[in-house]
Amino acid sequence: MTVLILSNIGARDVLLDGEEQRPARGAGEALFEGYPANKDRLTLPMLAGLVSYVRSRHREEAVRVILFGTDQPESTPTHFRETDTLYFARLAARMLANDPANEGITFEERLIEDINPALLDEAIPAYDRLVKPLAPGVSICYAHISGGMPACNMALLLQGVRHFGENLVCLYTPMKGEITPINASRQVSNAFREAAIIDRLQRHDFANALPLMRDLQCPPSLLHLAGYAARRLDFDFEAARAEMDLAYQCAEPNLRSFIQNNGLRHDLDLLLEQKASGGRLGALLWELYWNACICYENQRYADFLARVYRFQEAALRLLVEQIFSLSTDLGKDVRDVNQAAWETRISQNAALLASLEAAKMDDKPLNWKTIGRPTYKCMLSFAIKENGRDTNGTLLIAERERGKMNELFRSINQLDDLVELRHRTIVGHDFAGVSEGMLLAAAPKRNDVTQLPTAHWRYIMGKLRDRLPNRPANSPYENISDFIVQSLRLREG
């Protein structure tokens, strides 16, 4: 592995009798051509100390030094072109290579060509082209940002951070002072990290924001808050509760207030119930809705389709449970009991039984004993469209609710085309690809206008709201993301 030194060369880097020589291009060329005669009068006040500083810390490693000089195009006005330092870079490389103290160190000059070195937006891509090929095989890179044009120093710093990351050390050398390592590379790296974290948080990608937050040394309370959101998005509610407990335990007052005001300490209570209930299923529908919206916003279209299918089934299941007072829970501890109750209760309602036995799915008789989506649809159709009654002769859907329920049922069934699309993809039963265009083609229409799948889902949630646990207008993920982003922007960089 190699130790690399990168340094921009300025007009003060090569002195003759202790004095700057200007204009840099003309004076530098003359000094380079007359080097043998003038070598004892030439000094490198910053560069010689720089090389000695690095060598003293890496005596057993190969050291490579790159000196950057400017060389503007011939079309550049003369008074600007005369400031170019290409000859100073060549001269400095020659002088350093001839110094016996630098034996074993290689010195090269590289030219910054065809740009205006005073313009940062031109310097940044130029330094990318210069620095990128130097990165392989480098264990540590020292960037000397004291000489040269300010734009070039900034570009060297940015590209050094980009290509060397934590292996970049910035050095500053005043004209008559000691070489000083400065924290600029870490600060720039942190700025890049912060921007990446904010981008991930705004896309509610908490799992991928967390490693960057750890690198940024965010407070433990924020790490646990982000961990809570990540685990909750995975439907791992036990782990999410553990993260929330830790977040609250080590939280600062403003975070504790945020947690309390947003009800986050008890937001998982229904979801953590051991037994299935209408309240828990309703809470799961909210979770599924928020989760699916995040999938869609992040263009994870196959994942979104998987959630559409799951949502339609769960929404139908919720309505069946509430309207028919039947449990659809098929957990291993209650499967046999609930299956028996299902068959008994349906068999006792002659009209319902007749309707189900007459129903067909894909031109085949419906197996109503199977607790699942096809049977849910037929049962709800009986209740809503056939004015179905329970075993006591009471309407399953009151007259005043019939229109609203019919619209809700129709809206849920409008997801069928998306469900069929899901069946053909990797999250269903086949390997077909999926794109946003395909989703929109299969999406429901309302008033002859195609709805975004998430907008139609939101419409259904509005129709279902009276049957679901109360939830805030904004999703918890939106609120958590906003809080963490605000906290990052308020921290000292």
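Here are some notes on this predicted model, point by point.

1. **Ground rules.** Because this is a predicted model, local features need pLDDT of at least 70 and side-chain atom pairs count only at pLDDT 80 or more, while totals for chains, interfaces and linings use all residues. Residues are numbered from 1 along each chain as its sequence is written, and side-chain values use heavy atoms, with hydrogens and water left out.

2. **Helix α7.** Start with α7, residues 150–164. (Helices are DSSP runs of H or I with at least four residues, strands are runs of E with at least two, and both are numbered from the N terminus.) At 1.5 Å a residue, the 15 residues should span 21 Å, and the end C-alpha atoms are indeed 21 Å apart. The expected span here is 1.5 Å times one less than the number of residues.

3. **How covered is α7?** Eleven of its 15 residues are buried, so α7 is largely enclosed by the rest of the structure. Among them are C152, N153, Q159 and F164. Buried means under 20% relative accessible area, exposed means over 50%, and partly exposed is in between (1.4 Å probe, protein chains only). Right after α7 comes G165, with a positive phi near 55 degrees.

4. **A salt bridge just past α7.** E166 and R186 pair through their side chains at 3.0 Å, N to O. E166 sits in the loop between α7 and β7 (168–172) and R186 in helix α8 (residues 184–202), so the pair ties together parts that are 20 residues apart in sequence. Both partners are partly exposed: E166 has a relative accessibility of 47%, and R186 has 22%. For the record, a salt bridge here is a side-chain nitrogen of Lys or Arg within 4 Å of a carboxyl oxygen of Asp or Glu. The structure holds 26 salt bridges.

5. **Two bridges inside helices.** E313 and R310 meet at 2.9 Å, N to O. They are three residues apart in helix α14 (residues 301–324), which means about one helical turn separates them. R310 is partly exposed at 39% relative accessibility. You'll find a similar story in helix α18 (residues 399–413), where E407 and R410 are three residues apart, again about one helical turn. Their side chains form a salt bridge at 3.0 Å, N to O, and R410 is partly exposed, with a relative accessible area of 37%. Salt bridges that share partners also join E166, R186, R193 and D215 into one network. As background, an α-helix has 3.6 residues a turn, so residues three or four places apart point the same way.

6. **A negative patch.** Which residues gather in a patch of negative charge on the surface? They are D362, D363, D417 and E420. Patch members have over 30% relative accessible area and no salt bridge; like charges are joined within 9 Å, and nonpolar side chains (Val, Leu, Ile, Met, Phe, Trp, Tyr) within 5 Å. Asp and Glu count as negative and Lys and Arg as positive, with His and the chain ends not counted. D362 is in the loop between β9 (360–361) and β10 (364–365), and its 71% relative accessibility makes it exposed.

7. **Backbone spots to look at.** The R22 to P23 peptide bond is cis, with omega near 0 degrees, and P23 is in the loop between β2 (15–16) and α1 (24–33). H204 is not a glycine, yet has a positive phi of about 60 degrees. H204 lies in the loop between α8 and α9 (206–215) and is buried at 6% relative accessibility. N447 is another residue other than glycine with a positive phi, near 55 degrees. N447 sits in the loop between β11 (445–446) and β12 (449–450), and at 72% relative accessibility counts as exposed.

8. **Far in sequence, what about space?** I140, in strand β6 (residues 138–144), is buried at 18% relative accessibility. I140 and I5 are 135 residues apart in sequence, with 8.7 Å between their C-alpha atoms. E178, in the loop between β7 and β8 (180–182), is exposed at 67% relative accessibility. The C-alpha atoms of E178 and M46 are 9.2 Å apart, with 132 residues separating the two along the chain.

Technical notes. Accessible areas come from the Shrake-Rupley method with a 1.4 Å probe; for residues, only the protein chains shown count as cover. The place of a charge is taken as NZ of Lys, CZ of Arg, CG of Asp or CD of Glu.
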